Amino acid sequence: MFNSLSDRLTATFKNLRGKGKLSEADIDGTAREIRRALLDADVAVPVVREFISRIKTRAMGAEVSGALNPGQQVVKIVNEELVNILGGQTRELQFAKQPPTIIMLAGLQGAGKTTLAGKLAFHLKSKGHAPLLVACDLQRPNAVRQLQVGGERAGVPVYAPHPGVSSEAEAPTGDPVAVAREGVSTAREKLHDVVIIDTAGRLGVDAELMQQAADIKAAVGAHETLFVIDAMIGQDAVNTAQAFNEGVNFTGVVLTKLDGDARGGAALSVASVTGKPVMYASTGEGLKDFEVFHPDRMARRILDMGDVLSLIEQAEASWDKAEAEKMAQKFADQEDFTLEDFLSQMQQLKKMGSMKKLLGMMPGAAGMRQQLDQFDDSSIGRIEAIIYSMTPHERNAPKIINGSRRARIAKGSGVHVSEVNMLLERFGQAQKMMKKMAGGGGMPGMPGMPP
Ligand code: GDP
């Protein structure tokens, strides 16, 4: 997501590097490049026009600052304006004073509403809420079943009109407005503090569908209506968003499929065209491929300044404290770093999510895009397989792993012996690094990254 936009913008800024003063021509040229990059990323034309005009005005009038050179000042201005068009401040859900808080999802079919419902429920549950999912998409065959599966994965109950519906061919029948009402009273009875209502979508904007969503919203008095939009739909995003804004007057936007190769125009257009904030982003099909959307962090990612805050949050959320303390103790005691430890650290990293995604949040990621694209998350699985094929003794004393043991391990894990060699070599380097750090009293760091 945003990769090509990010590459183009960073290349533009490179041209400004080292300039002592920016002439009007420099600013014009830069603005033209940024304009092209945004249009190529499918950002809506009026949004681009407004953006460029603000950048130009601000860059021309930029005060000379002691701390920043002119090139950096332009980056700073672009960063601030990007944050602006992405919606400014981070906006989280507003919970009703009288629970339950009712959240309704609306959007076109295939936008990712049902998938998102499960993720949002999981997210809220992890924050201590007790959500109930309500299945009101009675149009798409299998939507109810899909929500039930999502609910099971998230460990969140689902209220559905026909609990047993499982036929792929047939859509459940019933009145979605009535189901929504029943869902909310069930939530009240069972003391759920949040209700998430999944609604039906159509392939295109359609008056009947919009009316149905508006009816559900009115019947249950939804506190938040989230418009779910597939970030890959490009220029259509703006029209669809406007239609839904008029139809259901949504309170926030959720961008889905931000993991794809889409050019990102939807993300950059919808908030400014509708004046409604982007609140969440969905970045894959897994339950955890979900983020609170922070305009400032997203702008930093686009400008390749890295999103270290999100990285830290993900680390904190998934890091196993007991495991980390155990490791620190080992270092304090100057015990040997073994392949077991190597594996455990690798598994901790893996819990944070896709390594590729994590690396993409590092500052300078745009500069190593090619390496990132080649990075294969499954290589961690292969390393695990290799280490699991070793005996406990081998894991604790890797020195004994001679040629015939290597051949046996390779065979057992289904890899070529050269991969076993490479792993042992990398482990050797990590072990040395750990020794050095432990000797110097430093904190343990990460062992070498997988190939
Ligand atoms: P709905 O019709 O709006 O309920 O859409 P679904 O939730 O059924 O999603 C449509 C398709 O998009 C499904 O195949 C999902 O697995 C997929 N999908 C949803 N969200 C994402 C996402 O963030 N990334 C990717 N890659 N796929 C997604």
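Select isoleucine 103 and isoleucine 196: isoleucine 196, in strand β4, is the bridge partner of isoleucine 103. Strands here are DSSP runs of E with at least two residues, helices are runs of H or I with at least four residues, and both are numbered from the N terminus. This is a predicted model, in which local features need pLDDT of at least 70 and side-chain atom pairs count only at pLDDT 80 or more, while totals for chains, interfaces and linings use all residues. Residues are numbered from 1 along each chain as its sequence is written.

Next, select strand β1, residues 101-106, together with β4. The two pair in the parallel sense over five bridges; strands count as paired if DSSP finds at least two bridges between them. Add strand β2, residues 131-136, which pairs with β4 in the parallel sense over six bridges. Proline 131 has valine 194 of β4 as its bridge partner.

Now show β4 alone, residues 194-199. Is it buried or exposed? Six of its six residues are buried, so the strand is largely enclosed by the rest of the structure. A residue is buried if 20 or more other C-beta atoms, placed from the backbone, lie within 10 Å of its own, exposed if 12 or fewer do, and partly exposed in between. Val194, Ile196 and Asp198 are on one side of β4, and Val195, Ile197 and Thr199 are on the other.

Move to helix α10, residues 265-274, where nine of the ten residues are buried. Among them are Gly265, Leu268, Val270 and Thr274. What covers the buried residues of α10 includes α3 (45-60), α4 (70-85) and β7 (278-282). Just after α10, select glycine 275, which has a positive phi of about 75°.

Continue to residues 277-290, where UniProt, in an unreviewed entry, places the feature "domain: SRP54-type proteins GTP-binding". The end C-alpha atoms of this span lie 16 Å apart, and the span is 0% helix and 43% strand.

Select helix α11, residues 295-302. Seven of its eight residues are buried, so α11 is largely enclosed by the rest of the structure. The buried residues include Pro295, Met298 and Ile302. Aspartate 304 follows α11 and has a positive phi, near 60°.

Finish at the ligand. Which residues are closest to the ligand? They are Gly112, Lys113, Thr114, Thr115 and Ser282, out of 19 that surround the ligand. Helix α5, residues 113-126, gives the most to this shell, with three residues.

Note on methods: UniProt positions are given in the numbering used here, feature names are shortened, and annotations may be inferred rather than shown by experiment. Two residues are in contact if their C-beta atoms, placed from the backbone, lie within 7 Å. A residue is near a molecule or strand if its C-beta atom, placed from the backbone, lies within 6 Å of it.
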